[in-house]
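Okay everyone, thanks for coming. Let me put today's structure up on the screen, and then we'll walk through a few parts of it together.

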Amino acid sequence: MNDNLFRTILKRYEADIEDANFKINCINDHTLVIPEHVDITSEVDKLLLKISEAEGKLAALRKYYGQKKEEKNIL
């Protein structure tokens, strides 16, 4: 995977995590009221799922594409 693609995908997952964390904090601080969502716990549960999925994708991205494979030198 080339460096630009890696960084772009990495930033996407980090942004998903940051977005969900922000929304949870807003709900927790009562600064964000969601009239159509009376079930706040379900909303937070959905956001936590979004975080865990993004963290899993980040871990897989770093594990399989985070470091350049060492080229084998044949002597």
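Let me start with a question: is lysine 23 buried, partly exposed or exposed? With a relative accessibility of 31%, lysine 23 counts as partly exposed. And before I go on, please keep in mind that we're looking at a predicted model.

So who does lysine 23 pair with? Its side chain meets that of aspartate 19 in a salt bridge, at 3.1 Å from N to O. Both of them sit in helix 1, four residues apart, which is about one turn of the helix. Aspartate 19 is partly exposed too, at 27% relative accessibility.

Now, aspartate 19 has another partner. It forms a salt bridge with lysine 50, and there the closest N and O atoms are 3.3 Å apart. This pair links distant parts of the chain: aspartate 19 is in helix 1, lysine 50 is in helix 2, and their positions lie 31 residues apart in the numbering. Through shared partners, the salt bridges join Asp19, Lys23 and Lys50 into one network.

Let's stay with lysine 50 for a moment. Its C-alpha atom and that of aspartate 19 are separated by 9.5 Å. If we leave out residues up to four places away in sequence, lysine 50 touches Asp16, Asp19 and Ala20. As for accessibility, lysine 50 comes out at 29%, so we call it partly exposed.

How many salt bridges does the count come to? It comes to three. The one I haven't shown you yet is between the side chains of glutamate 14 and arginine 62, at 3.5 Å from N to O. Here too the pair links distant parts of the chain, with glutamate 14 in helix 1 and arginine 62 in helix 2, 48 residues apart. Glutamate 14 is partly exposed, with a relative accessible area of 34%, and arginine 62 is partly exposed as well, at 45%. As general background, side chains of opposite charge can pair when their charged atoms come close.

Last stop: helix 2 itself. It covers residues 40-65, which is 26 residues, so at 1.5 Å a residue it should span 38 Å. Its end C-alpha atoms are 37 Å apart, and that agrees.

And which residues of helix 2 are buried? Those are Glu43, Leu47, Ile51, Ala54, Leu58 and Leu61. What covers them includes helix 1, residues 3-28.

That's my tour, thanks for listening!

Key: Residues numbered from 1 in each chain as written. Predicted model: local features only at pLDDT ≥ 70, side-chain atom pairs only at ≥ 80, totals over all residues. Heavy atoms only, no water. Helix = DSSP H or I, 4+ residues; strand = E, 2+ residues; numbered from the N terminus. Expected span 1.5 Å × (residues − 1). Buried < 20%, exposed > 50% of the residue type's maximum accessible area, 1.4 Å probe, protein only. Contact = heavy atoms within 4.5 Å. Salt bridge = Lys/Arg side-chain N within 4 Å of Asp/Glu carboxyl O.
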